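Subject: Handing over the structure

Dear colleague,

I am passing on the structure below, so please open it beside this message and follow along as you read. My notes on what was found come after it.

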Amino acid sequence: MAKSSVDLVVKGIVQGVGFRPFVFRLAKELKLNGYVTNSGEGVEIHLEGEESSIDEFVLRLKKDKPPRARIDEIVEKDSTLMNLSSFQVIASKETKVSTIPPPDIAICNDCKNELLSKNDRRYLYPLISCMNCGPRFTIIKSLPYDRSRTTLSKFKLCKDCEAEYFNPTNRRFRAEPISCWVCGPKVSFVENGKIVKSEDPIGIAAELINKGEIVAIKGIGGFHLAADATNGNTLKMLRALKNRHFKPFAVMVKNIDFARKVAYLSEEEERILLGQEAPIVLAKKREDSPISEFVSPKINTIGIFLPYTGIHILLLEKTSSPYLVMTSANPKDEVISYKNEDAIKKLSSFTSHFLIHNRDIYNFADDSVVRVVDGLEILVRRSRGYVPVPIPTPINVDKVFGIGGDLKNTFAIGKEKEVFISQHIGDLSSYSTQRELKISIRKFLKLLKQDVKVVAFDMHPDYYSRSVAEGMKSNIKVEVQHHHAHIAAALASNNLNEDVIGVACDGTGYGTDGNVWGFEFLLSNLKSFRRLAHLKYFRLPGGDKAVVEPRRFAFSLLYEVLDKESLFNFDLGFSEKEKEFLYGMIRSGTNSPMVSSCGRLFDGISALIGVCSFSTYEGEAAMELESIADQNEEGSYLYDVSFKNSEIILDPSKLVVDVIHDLRNSIPKSKISARFHNTLVKAISELSLYLADEYKLKKVALSGGSFLNEILVKGVRRNLMSKGINVILPRGVSVNDSCLSLGQVVVASSREAN
Ligand code: ZN
Ligand code: ZN
Ligand code: FE
């Protein structure tokens, strides 16, 4: 029978996911000859054999692909028959890169079993990995994805590993990061800067944790500080050392059974916990949880995650507590420590105990954080496990770069119709983070081999990110309004390119009028927007100072509704002198920007009713207010809506008066909080419905950090959906400022495309 041949190029997530072994086995099964290789474009396959077998091969390629693979496109070309006598996997070709570097993957069940099987040659080998699991993004320097281009290149495979690597039937066939006791990187324990000779470095770390000590532990994307989560004294010490009073710590839990003892978990939450990304899941705390109150004080949620490397599994096998605080090890305002020597130096004020390994981390990556809200998986932080999987977009975004904002920074680069978002960089307030931003941009663009033609950034004139963007080599610079970027990110991540009513609620974003925006109703598409409605402006006395001191905004809210005497009689803990000072600032507008911010409104109410007067971490006042809300309370407060210069102004003054009234009548805070939430739900729903009707639109997009609030999202979604409105939120990216980079890329792309 006549033989034919074909060349295929498979694009998508096809490297580092077991694709070549799968192709090899499929070709063997169908008696086809030829070869398969990784290239810059994806996976290239040359096939020779009967035409019917080739057809079946293509069908099965799509149908039976490995679980972690994603096929975006198969390009089929005619080719020359070479009369090959076998099928082979050949070394990678380096060509134009258009493929996707894979994300880090939590340890798989097969590796877990080997790790704990006495007879396995990798028994207790903490850095165990295979084709289906282990580090990826954090160790890759460039593409195509090959061991030689990872930080494992300096470890030469031993005979046994090599045999596995070249055996097409082995589950480590062509698995780039594999290693073992004989040839691979090793874990060691460092005390006071010196390696301690030991057969069991993990045992030493566990012993110290059992004694109530803090140990720095290197994982996949950086270092954690680990401590027993049931030991209040240790956690108090850790909080003092980190100067972190209330911000919640994440807890690594030995397994899912123990997770159920500390949090109420829905099916969806369990699925996410057990998933290959292994993020931190923010779940509802159990009242009878054995975990110390110092883990997440004053809020009703707890962030938990499961062990995602061999190191974690072995550590939790040895600690007496199945619950360990594992918090990113970073000096205040710096990125997570990820280099051994650096960490040992910089973390010395926290601990002298280090569990390290010599598999270098090239790209750092914090743990990702997910919250399930009303059944929706909402990313709070998108980093390890998710980065750098691209977000498909409805428009061409090629070579457009977005630098994000100054808080919760990520940056992003477009490639054809996909946006690659960086790992979480963080708050750009320190020199160290600013430096890491620049280094990370360089590494990321090099990894993706992508040039930059257009640079987009936030309108804020004082953002550090903006200054970096403006300094980048590119002749096209595009300024994007903060909340437009939020809504554009919601649209693009849902693959939509159309008009919507966008509701952007967050803390701070620079507005086109120079004021601080943050409670905005926009008529928006990817290209442009118009402000239709917003929260009434209030003065923010002291600017940034009032952000960390919510009672200042409470004072400003009261200023609007009380006469001077009643205002001064209201106890927010200010001295008479402070009251005069604030009063003067607000009246004259001195150092008191005008803000229309949802985050500040939460702050103000939180302080007004005595929940949180000083904020020690971003969003604290709002989170604590949400935590105490009585879920059974159905009451709400009044608010006003008026027109001003063709914009609708939402005035919460009556709400403030109602809250004062409830306080005077000794209504419990839990009820006041619930009524406040219910009022916002009502106001957002009613205004959205009105505007959707006015502009004949059927979709409303919600974006911004305030939509991490479950009561808001649930309430608004239900109200709008019951009226036939489709509600979208950013999908696969966060709702908070880490989605700005994506939004900037799509806004700039649609503007530059004309
Ligand atoms: Zn594995
Ligand atoms: Zn080996
Ligand atoms: Fe924002």
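Which residues are the protein donors of the zinc ion (ligand 1)? Before the answer, please keep in mind that this is a predicted model. The donors are the SG atoms of C108, C111, C130 and C133, which lie 2.3 to 2.4 Å from the zinc ion (ligand 1). The angles among these four donor atoms run from 103 to 118°, and the site is tetrahedral. For reference, the ideal angle for four tetrahedral donors is 109.5 degrees. Along the chain, the donor residues of the zinc ion (ligand 1) follow the spacing C-x2-C-x18-C-x2-C. Because C111 belongs to helix α3 (residues 109-115) while C130 sits in the loop between α3 and α4 (159-166), this pair ties together parts that are 19 residues apart in sequence.

The loop between α3 and α4 also holds P144, and the peptide bond that joins L143 to P144 is cis, with an omega of about -5°.

The iron site

The iron ion (ligand 3) has as its protein donors H482 (NE2), H486 (NE2), D506 (OD) and D737 (OD), at 2.0 to 2.3 Å. What makes the arrangement around the iron ion (ligand 3) irregular? The four donor atoms subtend angles of 87 to 164°, and it is this range that makes the arrangement irregular; to count as tetrahedral, four donors would need all their angles between 85 and 135 degrees. In sequence, the donors of the iron ion (ligand 3) are spaced H-x3-H-x19-D-x230-D. H482 and H486 are both in helix α13 and stand four residues apart there, so about one helical turn separates them.

The sheet beside helix α13

Helix α13 (residues 482-493), which carries those two histidines, lies across β18, β22 and β23, and runs at about 100° to β23. These strands belong to an open sheet of six strands with mixed pairing, in the order β18-β21-β20-β19-β22-β23. Its edge strands, each of which pairs on one side only, are β18 (391-392) and β23 (476-480). Strand β22 (residues 454-458) pairs with β23 in the parallel sense over five bridges, and within that pairing F457 has E479 in β23 as its bridge partner.

Leading towards β18 is the loop between β17 (376-381) and β18, where P388 lies; a cis peptide bond with an omega of about 5° joins V387 to P388. Strand β17 is itself joined by five bridges to strand β16 (residues 369-373), and the two run antiparallel. V369 stands opposite R381 in β17. Together β16 and β17 form a hairpin with two residues between them, and D374 in the turn has a positive phi of about 55°. N192, in the loop between β6 (187-191) and β7 (194-196), likewise has a positive phi, near 50°, although N192 is not a glycine.

The sheet with helices α1 and α2

Another open sheet has five strands in the order β4-β1-β3-β2-β5, again with mixed pairing. The edge strands here are β4 (70-78) and β5 (87-89), each pairing on one side only, and the twist averages 15° from one strand to the next. Within this sheet, strand β2 (residues 33-39) and strand β3 (residues 42-49) pair in the antiparallel sense over seven bridges, with V36 having I45 in β3 as its bridge partner. Helix α1 packs on the sheet, where it touches β1 (4-13), β2, β3, β4 and β5, and its direction makes about 175° with that of β5. Helix α2 lies across β1, β3 and β4, running at about 5° to β1.

How do these two helices meet? The axes of α1 (residues 19-29) and α2 (residues 51-63) come within 11 Å and cross at roughly 145°, and the crossing is right-handed. From α1 the residues F19, F22, V23, L26, A27 and E29 take part, meeting F57, R60 and L61 in α2. The residues of this contact divide into seven nonpolar, no polar and two charged.

With best wishes

Technical notes
Residues numbered from 1 in each chain as written. Chains lettered and ligands numbered in written order. Predicted model: local features only at pLDDT ≥ 70, side-chain atom pairs only at ≥ 80, totals over all residues. Heavy atoms only, no water. Axes fitted to C-alpha atoms, helices over the stretch in contact; angles between N-to-C directions. Left-handed = near helix turned anticlockwise from the far one by under 90°. Contact = heavy atoms within 4.5 Å. Nonpolar A, V, L, I, M, F, W, Y, C, P; charged D, E, K, R; others polar. Pairing = 2+ DSSP bridges. Donors = N, O, S within 2.8 Å, 3.2 Å for Na, K, Ca; no water. Tetrahedral: all angles 85-135°; square planar, octahedral: opposite > 155°, others 65-115°.
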